[in-house]
Amino acid sequence: MRIQVYHRTEYVYAEDVRDNTNDLRLTPKITKFQSVDSSFISILPATRLKRYDDLNFNRVHHFAIPQAHKRLLIESRSIVQTTKNCNIFDSQHDIKCSELEEYQKLEECHSFLQNSVYVSLTPEIWKEAIDIRNGSDNVFQICHKIMEHIYSCFKYSSEATTVSTHANEVIRERAGVCQDFAHAMAAYCRSLGIPTRYVSGYLLDNNNGNNLRGNEASHAWVEIYFGKYGWIGFDPTNRKIVDDTYIVLAFGRDYGDVAPVIGTYFGSGANTLMISVQVDCLD
């Protein structure tokens, strides 16, 4: 599938700010199931972008605007080719919990089994995850049960949380948005020893926004490690296994590792943030 993404982020400051420094993770990743035809980022006030790859091999663009300004505009345009992961169907059957011990020894899984800034592994979350598991020994079924639980029992509400809300609070209050649901699923799965990474990206809604939640801006979900089948995505916000309608921007331990735009500036006064995302199929 050929998909086009336009992502616009605009800050309007009440007073002049300066030394505005930001890291952007707005370039889609190149993966086994995703290739990038083109990707372009523009900044106003105009400045030079420096790029590097972080510890999770996400492409990061860094910039600094030293002069005073009252408005910052960041625009990203990308065209991506996606394909379906046919391994999903095989992985549903033969990955047992006994294999998790071997996964836990792998370097690529280690970071995604630990506590992180937004995800903590507590006895309470572990007990709840055990209840959701309900005796199953099939890793895919367990992850699907957790996804179903979050979708059915948690309320989707943009007013319930902020960008810094911890998974513990999300699980306690049973409300949030895609970022929160991804953090909650990571907490449940990691507490059971299942390697789980947080993913940011976009979602193409073929139903014109009538059925899927979280497609109005950048989206978030998780990927689970299934050994020989690799990493497979689960979207608890929409109770959906990730397919070729999803575009991956970055992955990490939690939101703190993958925030599309994160930075600091010198100045006082409030600012207004406006974000818009347009995702279209070109096929």
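**A strand pair, a hairpin and a helix**

Let's start with one pair of residues: Tyr225 stands opposite Trp231 in strand S10. Keep in mind as you look around that this is a predicted model.

Tyr225 belongs to a group of residues on one side of strand S9, together with His219, Trp221 and Glu223, and these are buried. Flip to the other side of S9 and you find Ala220, Val222 and Ile224, which are buried too. In other words, S9, which runs over residues 219-225, has 7 of its 7 residues buried.

What does S9 pair with? Strand S10 (residues 231-235) is one partner, and the two run antiparallel over 4 bridges. Strand S8 (residues 196-203) also pairs with S9 in the antiparallel sense, this time over 6 bridges. If you want a spot to find that pairing, look for Ser200, whose bridge partner in S9 is Ala220. Back on the S10 side, S9 and S10 form a hairpin with 5 residues between the strands, and there Gly227 takes a positive phi near 60 degrees.

Now hop over to helix H4, residues 123-133, where Ile125, Glu128, Ala129 and Ile132 are buried. Looking down the axis of H4, you'd see these buried residues fall within an arc of 100 degrees, so they line one face of the helix. What do they pack against? Their neighbours are helix H5 (139-153), helix H6 (167-173) and helix H7 (178-191). The face of H4 turned away from its buried side carries Pro123, Lys127 and Asp131, which are exposed. Just after H4 comes Asn134, with a positive phi of about 55 degrees.

Key
Residues numbered from 1 in each chain as written. Predicted model: local features only at pLDDT ≥ 70, side-chain atom pairs only at ≥ 80, totals over all residues. Heavy atoms only, no water. Buried < 20%, exposed > 50% of the residue type's maximum accessible area, 1.4 Å probe, protein only. Arc of directions from axis to C-beta. Contact = heavy atoms within 4.5 Å. Pairing = 2+ DSSP bridges.
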